[in-house]
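Work through the following exercises with the structure open beside you, and try each task before you read its solution.

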Amino acid sequence: MDLILCHTTADFDALGAAVGLTRLLPGSKIVLTGGAHPPVRDFLALHRDEYALIERRSVNPDKIRSLSVVDTQQRDRLGKAAEWFDLPHLKEIIIYDHHREQQSDIPATQVHIAPVGASTTVIVEELQKADISLTAAEATVMALGIHVDTGSLTFD
């Protein structure tokens, strides 16, 4: 099982990045490790079935092959799912983030950090390189992630 982890109280950037990453890592499932911001929760109430989401409690740790983390580099932002980084059978741990000033305490095998306004942008650039098209539902949540984290493209 290949999982994509969003930080606790997931925002649109974390969700958008995770959704885009499911296109780069086919078959991966998204785990919201500890709830979501109210607007994200409301959005998912209407659109949850559009995305590859699973509950943390339904994950069998013995079946996890790889973990990808979006929008954070800190274990403590991943709630109880942070325990999964210590599983001895993990093949890969990948981080995708835009917070360059953070010191990671996750034992990553790959790190993708870019000086952009949103973690979703890091994923979008990878999708463009791979020439991967999106569904309307995927593009919508990714656009929301970039919109919210960049202040409608007005932040430095």
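**Exercise 1.** Which residues in H1 meet which residues in H3?

Solution. Keep in mind from the start that this is a predicted model. On the side of H1, the residues to mark are Phe12, Asp13, Gly16, Ala17, Gly20, Leu21, Arg23 and Leu24, and in H3 they meet Ser119, Thr120, Ile123, Glu126 and Leu127. Sorting the residues of this contact by class, you should arrive at six nonpolar, four polar and three charged.

**Exercise 2.** Describe how H1 and H3 pack, giving the angle and the distance between their axes.

Solution. Two packed helices are described by the angle between their axes together with the distance between those axes. For H1 and H3 the angle is about 20 degrees, and the axes are 8 Å apart. Angles under 35 degrees count as roughly parallel, and therefore H1 is roughly parallel to H3. As a last step, the hand of the crossing of H1 and H3 can be added, and it is left-handed.

**Exercise 3.** Determine how helix H4 (residues 136-149) is placed against helix H1 (residues 12-24), and which residues make the contact.

Solution. Begin with the axes, which come within 7 Å and cross at roughly 140 degrees; the crossing in which H1 passes H4 is left-handed. Next, list the residues: H1 contributes Phe12, Asp13, Leu15, Gly16, Val19, Gly20 and Arg23, while H4 contributes Glu138, Val141, Met142, Leu144, Gly145, Val148 and Asp149. Divided by class, the residues of the contact of H1 with H4 are seven nonpolar, three polar and four charged.

**Exercise 4.** Work out whether H3 and H4 are parallel or oblique to each other.

Solution. The axes of helix H3 (residues 119-129) and H4 come within 9 Å and cross at roughly 135 degrees, and H3 and H4 are therefore oblique to each other. In this contact, Thr120, Thr121, Ile123, Val124 and Leu127 in H3 meet Met142, Gly145 and Ile146 in H4. The contact of H3 with H4 has five nonpolar and three polar residues, but no charged ones.

**Exercise 5.** Give the order of the strands in the open sheet, and name its edge strands.

Solution. Six strands form the sheet with parallel pairing, and their order is S3-S2-S1-S4-S5-S6. Strand S3 (53-54) and strand S6 (110-113) are the edge strands, since each pairs on one side only. Within the sheet, strand S4 (residues 66-70) is joined to strand S5 (residues 92-97) by five bridges, and valine 70 has tyrosine 96 in S5 as its bridge partner.

Terms used
Residues numbered from 1 in each chain as written. Predicted model: local features only at pLDDT ≥ 70, side-chain atom pairs only at ≥ 80, totals over all residues. Heavy atoms only, no water. Axes fitted to C-alpha atoms, helices over the stretch in contact; angles between N-to-C directions. Helix = DSSP H or I, 4+ residues; strand = E, 2+ residues; numbered from the N terminus. Left-handed = near helix turned anticlockwise from the far one by under 90°. Contact = heavy atoms within 4.5 Å. Nonpolar A, V, L, I, M, F, W, Y, C, P; charged D, E, K, R; others polar. Parallel < 35°, antiparallel > 145°, perpendicular 65-115°, else oblique. Pairing = 2+ DSSP bridges.
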